[in-house]
Amino acid sequence: MEDEIIYLDHNATTPVDPRVKEEMLPYLGEEYGNPSSLYRLARGASQAVDRAREQVAGVLGCKPEEVIFTGCGTEADNLAIKGVGMALRSKGNHIITSEIEHHAVLKACEWMEKQGFDVTYLGVDEYGRVSPEDVKSALRDETILVSIMHANNEVGTIQPLEEIGRLLADRDVYFHTDAVQTFGKRSYSVDDLGVDLLSLSAHKIYGPKGVGALYLRRGTKIETLLHGGGHENNRRSGTENVAGIVGLGKAAQLSEQYIEEEAGRLKKLRDRLEEGILESIDEVTVNGHKDHRMEHTLSVCVRFIEGESMLLHLDSKGVAASSGSACTSGTLDPSHVLLAMGIPAEVAHGSLRLSLGRSNTREQIDYVVEILPEIVQRLRDMSPLYKK
Ligand SMILES: *Cc1c(COP(=O)(O)O)cnc(C)c1O
């Protein structure tokens, strides 16, 4: 098992499904037309983009014209927050979000503050959940947008969006969700959630990197971020990433199979991993909600050691994992998500995220359960904080 890569970082990215790649290839080759041009070569590309829009809309239960393709999930989040803010500036300047959002939302909100907007960052409980009551109490006459993520990328906790959606339904406030971690992994429609805007990304569901989409409920006012040729119905200019969009569409279409067959298998594997770790290592806590949690995500805090040193040792044994989120690794600050959940900084430093996916087998999980206790013991023996 030593030469094989055991990939346990599916919340950071996933490999492209061979069926997705196959679907994309013609658009990297002979089907190179610009979808906006007026000849036959272009029509093939334009029809492929339309088909992908229908495939994404099919998963979201919305109309194809409510889907705007973007360059990534980060862009979809930025378009939602800045676009709504700029469009409704004269109506109000207050935005509500949470402390555990992805940086694509948090940093966009911080930028909005510099533009004169007032942002409320709601706290979460110890399981990482936002309370719908807190959303309600934070609402003001000037509130124009509520942005709460669907499932958290670090701990997997799923937010009560349906409840928040219901309480916002009869108010004149837009509701956005960053659903990058749930799109294609859970079965729901935009109406079930009650959202007006929803961000998604292809590379978290076995599609290519560099393509995402924003669902925008018909009639929702939004300002564009990219001015130019008026693509995507004037919402996002720039010649379409045809191959990427085709890949996103195919990945979305294949996700039905994932939801029906794969989610149950991954939950069994994740639970086996969780139990194995809890049984063989002491002073370990599991982060996130017990029930309202994505079935393939396991986040733990291992006391007295650093997450990064666990990662290096795991890597030397062929295991790819993460401590916290991919976007914050490289800095040594503890995860903002774990801190918001009330986990002390010194405990949050020992966080390890294992996120499962298609390639993972029971043998791989058993291997990780076998090697992790040895790694932890070796690191603890060197740690001045650990008393045997
Ligand atoms: C990965 C991720 C993003 C960013 O998507 P990109 O396509 O990588 O820009 C945003 N939000 C969440 C929750 C994510 O997991």
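## Exercises on helix packing, aromatic pairs and local geometry

In this predicted model, helices α2 and α9 cross in a left-handed sense.

**Exercise 1.** Describe the crossing of helix α2 and helix α9 by axis distance and angle, and then state which residues make the contact and how they divide by class.

*Solution.* Two packed helices are described by the angle between their axes and the distance between the axes. For helix α2, which covers residues 40-60, and helix α9, which covers residues 242-280, the axes come within 8 Å and cross at roughly 35 degrees. The next step is to list the contact residues: α2 contributes Ala45, Ala48, Val49, Ala52, Gln55, Val56 and Val59, while α9 contributes Val242, Ile245, Val246, Leu248, Gly249, Lys250, Ala252, Gln253 and Ser255. Sorted by class, the contact of α2 with α9 comprises 11 nonpolar, 4 polar and 1 charged residues.

**Exercise 2.** Locate Pro35, decide whether it is buried or exposed, and find which residues it touches beyond its sequence neighbours.

*Solution.* Pro35 belongs to the loop between α1 (18-28) and α2. Its relative accessibility is 14%, and because the cut-off for a buried residue is under 20%, Pro35 counts as buried. Once residues up to four places away in sequence are set aside, Pro35 touches Ala42, Ala45, Ser46, Val49, Thr239, Glu240 and Val242. Among these, Ala45, Val49 and Val242 also take part in the contact between α2 and α9. By contrast, Pro35 and Cys301 are separated by 266 residues in sequence and by 49 Å in space, taken from C-alpha to C-alpha.

**Exercise 3.** Characterise the aromatic pair of Tyr206 and Tyr258, and describe the surroundings and backbone of Tyr206.

*Solution.* The structure holds 2 aromatic pairs, and in one of them Tyr206 and Tyr258 lie 6.3 Å apart, centre to centre, with 45 degrees between their planes, which makes the pair tilted. The pair links distant parts of the chain, since Tyr206 is in the loop between β7 (197-201) and β8 (212-216), whereas Tyr258 is in helix α9, 52 residues apart. As for accessibility, Tyr206 is buried at 7%, and Tyr258 is buried at 5%. The charged end of Arg358 sits over the ring of Tyr206, at 4.0 Å from its centre. Finally, the backbone of Tyr206 has a positive phi of about 70 degrees, although the residue is not a glycine.

**Exercise 4.** Work out which parts of the chain the pair of Phe304 and Tyr386 ties together, and how Arg303 and Ser383 are placed with respect to Phe304.

*Solution.* The rings of Phe304 and Tyr386 form a tilted pair, with 5.3 Å between centres and 50 degrees between planes. Because Phe304 lies in the loop between β10 (297-302) and α10 (307-316) and Tyr386 in the segment after α13 (362-382), the pair ties together parts that are 82 residues apart in sequence. The partners fall into separate accessibility classes: Phe304 is partly exposed at 22%, whereas Tyr386 is buried at 14%. The charged end of Arg303 sits over the ring of Phe304, 5.4 Å from its centre. Ser383 is in the segment after α13 and is buried at 11% relative accessible area; leaving aside neighbours within four places in sequence, Ser383 is in contact with Phe304 and Ile305.

Definitions and conventions:
Residues are numbered from 1 along each chain as its sequence is written. This is a predicted model: local features need pLDDT of at least 70, side-chain atom pairs count only at pLDDT 80 or more; totals for chains, interfaces and linings use all residues. Side-chain values use heavy atoms; hydrogens and water are left out. Axes are lines fitted to C-alpha atoms, for helices over the stretch in contact, and angles run from 0 to 180 degrees between N-to-C directions. Helices (H or I, at least four residues) and strands (E, at least two) are DSSP runs, numbered from the N terminus. A crossing is left-handed if the near helix is turned anticlockwise from the far one by less than a right angle, and right-handed if clockwise. Contact means heavy atoms within 4.5 Å. Ala, Val, Leu, Ile, Met, Phe, Trp, Tyr, Cys and Pro count as nonpolar, Asp, Glu, Lys and Arg as charged, and the others, Gly among them, as polar. Rings of Phe, Tyr and Trp (its six-membered ring) pair if their centres lie within 6.5 Å; planes under 30 degrees apart count as stacked, over 60 as edge-to-face and the rest as tilted. Buried means under 20% relative accessible area, exposed over 50%, partly exposed in between (1.4 Å probe, protein chains only). A charge sits over a ring if NZ of Lys or CZ of Arg is within 6 Å of the ring centre and within 35 degrees of the ring normal.
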